[in-house]
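Trainee: I would like to learn how to read local features in a structure, one at a time. Could we take the general idea before each case?

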Amino acid sequence: MAPVFLTEEPPTYGVVQSVSPMVRRIVAKNPSKFTYHGTGTYIIGDPNGNELAVIDPGPDDDAHLTALLDAIGNKNVSHILVTHTHPDHSPSATSLSEITSAPTYGFGKHPLAATKKPDDLDETQPDDLEGRGDTNFVPDVEIGNGDVIVGEGFTFEALHTPGHISNHLCFSLEEESTLFTGDHVMGWSTTVIPAPDGNLSHYLSNLRRLLERSEMTYRPTHGPAIEDPLPFVNSLIEHREERTTQIIAAINKEPKTVKELVNDIYSDVDESLHKAAGSSVYAHLLDLARIGVVSAEPDFDMDAEWRVK
Ligand SMILES: [Zn+2]
């Protein structure tokens, strides 16, 4: 079954919304074809308590930070959790930490393999901005899979979920059976897997892991919540498996470049998304090369001719 994507009305930027008894969300004004209406920063805490956690403070944007501080009010931020180091997720963590003295928690620095050389950058393209990453962010506390973070009235379990990027974490809020999925699972769109740091087999195994878990609600950093999430996760897995089959079929008879494959397979997709589709096709090909199904001439790169072995 093809994934059924969700939509939501554009938010009023700068206004905090209550999305559950313990969770509020405030959306940054950075809409794009990769961020939907913008980055959804979450504020979590017992409404009767004094402590709060913040997940993904978002882009370097003064208006967003001001709105976030207004929503925090006179409560104490005890934890700043960061799902990963893309520029729409982590940059405000550092400023928020300076202002509130709360420590930041994350898997680690931006991975080297996800950093593009400056002359490869086209600053006008959001996917390149995603690629650049937030190389300034260094978590105060490095956390990994299974680590538990306890605050006043809230308990998070960290899940290390590489795939979109190797330092990606999801956070499970025990009190509300809710998984904050960052960019690992989003209701509005598939996830971009920018190879080589983005890794399709890691992504798929970290989707399959979710099928063993019991959270009732997912809250991605972009777009609406996903209720009853497991059928949706299953459809995302099937969607990638179908893409793999399509790619193998397309290069079975004659070798093709990534660009030719995109033109074949994504002919119904708007051309402005072909670059992102190319990085996704490339991630599929690298994964198939890893298991010995395909080879590339002359090198394993975007411009190569790829063929089934
Ligand atoms: Zn991202």
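Trainee: Let me begin with burial: does Glu215 count as buried or exposed, and at what relative accessibility?

Mentor: Before answering, please keep in mind that this is a predicted model. A residue counts as buried when its relative accessible area is under 20%, and Glu215, at 6% relative accessibility, therefore counts as buried.

Trainee: With which residue does Glu215 form a salt bridge, and how far apart are the closest N and O atoms?

Mentor: The general idea is that side chains of opposite charge can pair when their charged atoms come close. Here the partner of Glu215 is Arg213, with the closest N and O atoms 2.8 Å apart, and Arg213 is partly exposed, having a relative accessible area of 21%. The pair also belongs to a network of salt bridges that links Glu157, Arg213 and Glu215.

Trainee: How many salt bridges does the count come to?

Mentor: The count comes to six salt bridges, and one of them joins Arg25 to Glu8, whose closest N and O atoms are 3.1 Å apart. Since Arg25 lies in strand E2 (residues 23–27) while Glu8 lies in the segment before E1, this pair ties together parts that are 17 residues apart in sequence. Arg25 counts as buried at 5% relative accessibility, whereas Glu8, at 24%, counts as partly exposed. Another salt bridge is that of Asp264 with Lys256, at 2.7 Å between the closest N and O atoms; in this pair Asp264 is partly exposed, with a relative accessible area of 40%, and Lys256 is buried, with 12%.

Trainee: Which residues does Glu8 touch, once residues up to four places away in sequence are not counted?

Mentor: Glu8 touches Arg25, Tyr36, His37, Gly223 and Pro224 on that basis, so the list includes its salt-bridge partner Arg25. For a separation across the model, take the C-alpha atoms of Glu8 and Lys309, which are 44 Å apart, with their positions 301 residues apart along the chain.

Trainee: Tyr36 appears in that list, and I would like to turn to its backbone: what is the phi of Tyr36?

Mentor: As background, most residues other than glycine have a negative phi, and most peptide bonds are trans. The phi of Tyr36 is near 60°, a positive value in a residue other than glycine. Tyr36 is placed in the loop between E2 and strand E3 (40–44), and it is buried, with a relative accessible area of 15%. Ser101 likewise has a positive phi, of about 65°, although it is not a glycine; Ser101 lies in the loop between H2 and E6 and counts as exposed at 62% relative accessibility.

Trainee: Where is there a cis peptide bond?

Mentor: The bond from Glu297 to Pro298 is cis, with omega near -5°, and Pro298 is found in the loop between strand E14 (294–297) and strand E15 (305–308). Glu297 also takes part in a negative surface patch, which is formed by Glu254, Glu260, Glu297 and Glu305. Of these, Glu254 lies in the loop between helix H5 (229–250) and helix H6 (258–265) and is partly exposed, with a relative accessible area of 46%.

Trainee: To read the packing of a helix, which residues of helix H2 are buried, and which elements do they pack against?

Mentor: One reads packing by asking which elements the buried residues of a helix meet. In helix H2 (residues 91–100), Pro91, Ser92, Ala93, Leu96 and Ser97 are buried, and the buried residues of H2 pack against E4, helix H1 (62–72), strand E5 (76–81) and E6.

Trainee: Which contacts show this from the side of the strands, for Val54 and Thr104?

Mentor: Val54, in strand E4 (residues 51–55), is buried with a relative accessible area of 0%, and its contacts beyond four places in sequence include Leu96, Ile72 and Ile80. Thr104, in strand E6 (residues 104–106), counts as buried at 3% relative accessibility, and among its contacts beyond four places are Ala93, Ser97 and Ile80. The C-alpha atoms of Val54 and Thr104 are separated by 9.4 Å, although the two residues are 50 residues apart along the chain.

Terms used: Residues are numbered from 1 along each chain as its sequence is written. This is a predicted model: local features need pLDDT of at least 70, side-chain atom pairs count only at pLDDT 80 or more; totals for chains, interfaces and linings use all residues. Side-chain values use heavy atoms; hydrogens and water are left out. Patches are made of residues with over 30% relative accessible area and no salt bridge: like charges are joined within 9 Å, nonpolar side chains (Val, Leu, Ile, Met, Phe, Trp, Tyr) within 5 Å. Accessible areas come from the Shrake-Rupley method with a 1.4 Å probe; for residues, only the protein chains shown count as cover. A salt bridge is a side-chain nitrogen of Lys or Arg within 4 Å of a carboxyl oxygen of Asp or Glu. Lys and Arg count as positive and Asp and Glu as negative; His and the chain ends are not counted. The place of a charge is taken as NZ of Lys, CZ of Arg, CG of Asp or CD of Glu. Helices (H or I, at least four residues) and strands (E, at least two) are DSSP runs, numbered from the N terminus. Buried means under 20% relative accessible area, exposed over 50%, partly exposed in between (1.4 Å probe, protein chains only). Contact means heavy atoms within 4.5 Å.
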